[in-house]
Amino acid sequence: MTADATLIERMDERWRDPPGLWGFLTTVDHKRIAARYIVTALFLMFLAGMLALDMRWQLSVAENTRMSPQLYNESFSLHGSTMLFLVSVPLMEAMAFWLVPLMLGTRNMAFPRLGAFSFWLYFGGVLTLWIAHAIDITPDLGWFEYPPLSGPSYSPGHRADIWAQMITFTEVAALAASVNVAATILKMRPPGMTLTRMPVFLWAMLIASIMTILSMPAVMLVTSMLIADRLVSTHFFSPAGGGDTLLFQHLFWFFGHPEVYIIFVPATGFISSIVETFSRRTLFGHAALVLSMISIGALAFGLWVHHMFAVGLPRLGNDFYTAASMAIALPAGLQIFCWIATIWLGRIRLATPMLWILGFVATFIIGGLSGVMTASAALDLQLTDTYFVVAHLHYVLIGGAIFPLLGAFAYWYPKATGRLMSERWGKVAFVLIVGGFNLGFMPMHFLGLMGMPRRVYTYPPGMGWETLNQVATAGSAIAVAGGLVFVGNALWAYWRGKPAGDDPWGGSTLEWASPSPPPPYNMAHVPVVHGLTPMWDDAGRLDVMDGLRPDRREVLVTSVTDAIPLYRQKSAAPSIWPLLAALAVSAMFIGSIFTPWAIVVGAAPVAATLTGWFWPSRPRSRSGPLGVNA
């Protein structure tokens, strides 16, 4: 696929951002927005990892006085809230932002300004939580903030309010991002990419986006109800006023358990892309993989009580959720069998990205088996408040999501930067992280079975827990060292790495057809797809579609099921309004921590910025010839 120099020059002039600070503040380029998400989330992952290592150090010795109970509670709350709300889901959304338009061969997201708004609002949530930590009003009731402890009677001050509004920030940002991703996948696929020809990665991001849209309102509702209880004396969660504390848990976990799969389902997309490329064959069971992800997306909404087996619900209800919790292991197991079959039938190449997938398979199986164990209400009643559940949670989330994510970074890093990371140092990082992780979290299973409770800052001597805690602490330190090696490798490669070329791995999907790194417009022409692996079909020769004007920002809109071209759509230019809207919304959210009048007063600047955002300029173009060039 080639384009003459004049066309490229005209497109570059039209699609590039303004120079300097103004371009930084106004960009709507999906790649730059995704990079900001990734850099911010990785920095937060480092901070949260340091908190975890500090807590591990505290628990390595019985009756350790290094940390006070208050400091431990703050560290625990900040670590969990950061990792689950500010790192895991945003990183998956960032990968979707960066890759989805490239994998579709389109030039930007469906709603470019909404993408910019989502990042700025997410960043507002980051600053809200971590500035509160810097001025010593850190949330201290865990990453879940259960009432009645988080209610006004037991938690004076504003620590619980800050946690609740941080959730509001991040969930509004996640909803904005998910709507954007889903619309892009459904309406901007290239001609020929019917739903049955969509790569597994795109299916994974579509399903995760729909799950986010359906689940996030529950947690936004529950945190808003908590703020109302604390700020205007409602009684949603106060039994004395007719409320119910368990209502909080039901609403919270209706979001909380799907969130685990909102993190895991995109990882299945990473794994499928990497396995296909490094096995050098099409995925075994493409339809089965897609159906299994749809099954996980549906079942995830039917087992939130998995987290509430110890609260005294009716036994019949516990039996239902036990069955649902065990049933969701079946589609996950089917996915692993499809990947193993692909590897078995292919010609495997053990480059660093593929090593991360093998590490995922081994680790996730352990987490899945412990998940089936805790799915039993009777056994979970004994294990739920022990370190066994801490081990299970981290095996599922880190082994099931972070390991594939690190593999995805190594896999797509050459596309993003045009440079290859060092294979040698990549393998060193892999050994340190996977080895340190297992050394750190495997002993926690045994600590839980030996009765060590979770969420405690110390323990008495003579319980037999010290040796295993010391092993876990050493393993955590090794994993952190591996993370530093991984980041160092990426930074070194950015300046000194070997040039990668456009397709260093021989990938099968459309993102490898663009230059490395991709230009602001991604591709000069819209490709036409004839199969599941367009870069492998016809020796990588792509048909392309003409008709989009090079002198203006335009994207192609296609039909939902068959990707039939419908019309040209004007794509938004760089704008300051998403930043101003995010600032107005942030001010309203932060003000509402202290007074309910902030909602009333703050509505005016929000309305003003949205008016500026949507003020009409010129009508969009729906006409013009569209055609296919071989």
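## Model and conventions

A residue is called buried when its relative accessible area is under 20%, exposed when it is over 50%, and partly exposed in between, as found with a 1.4 Å probe on protein chains only. The structure is a predicted model, in which local features need pLDDT of at least 70 and side-chain atom pairs count only at pLDDT 80 or more, while totals for chains, interfaces and linings use all residues. Residues are numbered from 1 along each chain as its sequence is written, and side-chain values use heavy atoms, with hydrogens and water left out.

## The annotated domain

In an unreviewed entry, UniProt lists residues 21–530 as "domain: Cytochrome oxidase subunit I profile"; the positions follow the numbering used here, the feature name is shortened, and such annotations may be inferred rather than shown by experiment. Over residues 21–530 the chain is 69% helix and 1% strand, and the C-alpha atoms at the two ends are 42 Å apart. Helices (H or I, at least four residues) and strands (E, at least two) are DSSP runs, numbered from the N terminus.

## Helix 8

Helix 8 covers residues 245–279, and its 35 residues should span 51 Å at 1.5 Å a residue, which agrees with the 51 Å between its end C-alpha atoms (the expected span is 1.5 Å times one less than the number of residues). The helix nevertheless contains a kink of about 30° centred on W253, where the bend is the angle between axes fitted to the seven residues ending at a position and the seven starting there. Since 30 of the 35 residues are buried, helix 8 is largely enclosed by the rest of the structure.

At the N-terminal end, helix 8 is capped by D244, a side-chain oxygen of which lies 3.0 Å from the backbone nitrogen of L246. A polar contact of this kind is a pair of N or O atoms within 3.5 Å; within protein, one must be able to donate a hydrogen and the other to accept it, and residues adjacent in sequence count only if both atoms are side-chain atoms. After the helix comes R280, with a positive phi near 60°; R280 lies in the loop between helix 8 and helix 9 and, at 34% relative accessibility, counts as partly exposed.

## Aromatic contacts

A search of the whole structure finds 45 aromatic pairs, where rings of Phe, Tyr and Trp (its six-membered ring) pair if their centres lie within 6.5 Å, and planes under 30 degrees apart count as stacked, over 60 as edge-to-face and the rest as tilted. One of the pairs is formed by F254 and W304, which are edge-to-face at 5.5 Å centre to centre with 75° between the planes. This pair links distant parts of the chain, 50 residues apart, with F254 in helix 8 and W304 in the loop between helix 9 (286–299) and helix 10 (315–327). F254 is partly exposed at 27% relative accessibility, whereas W304 is buried at 19%.

F278 and Y411 are also edge-to-face, with ring centres 5.9 Å apart and planes at 65°, and they join helix 8 to helix 14 (residues 387–417) across 133 residues. F278 is buried, with a relative accessible area of 1%, and Y411 is likewise buried at 1%. In addition, one aromatic cluster includes F248, F252, W253 and F255, together with, among others, W143, F144 and W163.

## The hairpin of strands 5 and 6

Strand 5 (residues 554–558) has 5 of its 5 residues buried, so it is largely enclosed by the rest of the structure. In a regular strand the side chains alternate between the two faces of the sheet. Both faces of strand 5 are covered, with E554, L556 and T558 buried on one side and V555 and V557 buried on the other.

Strand 5 runs antiparallel to strand 6 (residues 565–570), to which 5 bridges join it; two strands pair if DSSP finds at least two bridges between them. L556 has R568 as its bridge partner in strand 6, and among the 6 residues between the strands of the hairpin, A563 takes a positive phi near 55°.

## Unusual backbone geometry

Most residues other than glycine have a negative phi, and most peptide bonds are trans. E63, with phi near 55°, lies in the loop between helix 3 (30–59) and helix 4 (69–104) and is exposed, with a relative accessible area of 52%.

A cis peptide bond with omega of about 10° joins P147 and P148, the latter residue lying in the loop between helix 5 (112–134) and helix 6 (159–187). The bond from S516 to P517 is also cis, with omega near -10°, and P517 is found in the loop between strand 2 (498–499) and strand 3 (526–528).
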